[in-house]
Amino acid sequence: MKVSRAEFQNMKEEIVKDMISRLMDEQGFSLQEAFDTVYTSRLFEKLNNPQTGLYFQSSGYVFSFLIEELQHNNKACQNMD
């Protein structure tokens, strides 16, 4: 299925909005922390690329990858201590 650039942008923004909300609700992030986390994640780079097809997935599915990335980053930080 082919989507326009505007449709892609809208779908991506809906997923980002949901992920920010879930980080705040489920993980206790502040609004600024949630924004920073999403927009600086490797996942956001992938979501920003229409060729990955992530924008077609549910926000919950995409959010699960963000949580995995955060857990991986936390483990890496703990190993540095």
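This is a guided tour of selections to make in the viewer, with a note on what each one shows. The model is predicted, and every value below is computed from it.

**Helix α1**

Begin with helix α1, residues 5-27, and display the side chains of E14 and K17, which both lie in this helix, three residues apart, or about one turn of the helix. Their side chains meet in a salt bridge, at 3.2 Å from N to O. E14 counts as partly exposed at 42% relative accessibility, and K17, with a relative accessible area of 47%, is partly exposed as well.

Next, select R22 and E26, which also lie in helix α1, four residues apart and again about one turn of the helix. Here the side chains meet in a salt bridge at 2.9 Å, N to O; R22 is partly exposed, with a relative accessible area of 27%, and E26 counts as partly exposed at 47%. The count for the structure comes to two salt bridges.

**The nonpolar patch**

Now show the surface and select M24, L31, F35 and Y39, which make a nonpolar surface patch of about 360 Å². Helix α2, residues 31-39, gives the most to this patch, with three residues. F35 lies in helix α2 and, at 35% relative accessibility, counts as partly exposed.

**Aromatic rings**

Keep Y39 selected, since this residue of the patch is also one half of a ring pair, and add F44. The structure holds five aromatic pairs; in the one formed by Y39 and F44, the ring centres are 4.9 Å apart and the planes stand at 70°, so the pair is edge-to-face. Y39 is partly exposed, with a relative accessible area of 40%, whereas F44 counts as buried at 13%. Then move to F8, Y55 and F56, which ring pairs link into a cluster.

**E69 and its surroundings**

Select E69, which lies in helix α4, residues 59-80. Which side chain of opposite charge is nearest to E69? Display R42, which is that nearest side chain, 4.7 Å away; E69 is buried yet has no salt bridge, because a salt bridge calls for a nitrogen within 4 Å of a carboxyl oxygen. Add L43 to the view as well, for its backbone nitrogen lies 3.0 Å from a polar atom of the E69 side chain.

From L43, finish at Q57, which is found in the loop between α3 (42-47) and α4. Q57 counts as partly exposed at 36% relative accessibility, and the C-alpha atoms of Q57 and L43, 14 residues apart along the chain, are separated by 13 Å.

Key:
Residues are numbered from 1 along each chain as its sequence is written. This is a predicted model: local features need pLDDT of at least 70, side-chain atom pairs count only at pLDDT 80 or more; totals for chains, interfaces and linings use all residues. Side-chain values use heavy atoms; hydrogens and water are left out. Patches are made of residues with over 30% relative accessible area and no salt bridge: like charges are joined within 9 Å, nonpolar side chains (Val, Leu, Ile, Met, Phe, Trp, Tyr) within 5 Å. Accessible areas come from the Shrake-Rupley method with a 1.4 Å probe; for residues, only the protein chains shown count as cover. Helices (H or I, at least four residues) and strands (E, at least two) are DSSP runs, numbered from the N terminus. Buried means under 20% relative accessible area, exposed over 50%, partly exposed in between (1.4 Å probe, protein chains only). Rings of Phe, Tyr and Trp (its six-membered ring) pair if their centres lie within 6.5 Å; planes under 30 degrees apart count as stacked, over 60 as edge-to-face and the rest as tilted. Lys and Arg count as positive and Asp and Glu as negative; His and the chain ends are not counted. A polar contact is a pair of N or O atoms within 3.5 Å; within protein, one must be able to donate a hydrogen and the other to accept it, and residues adjacent in sequence count only if both atoms are side-chain atoms.
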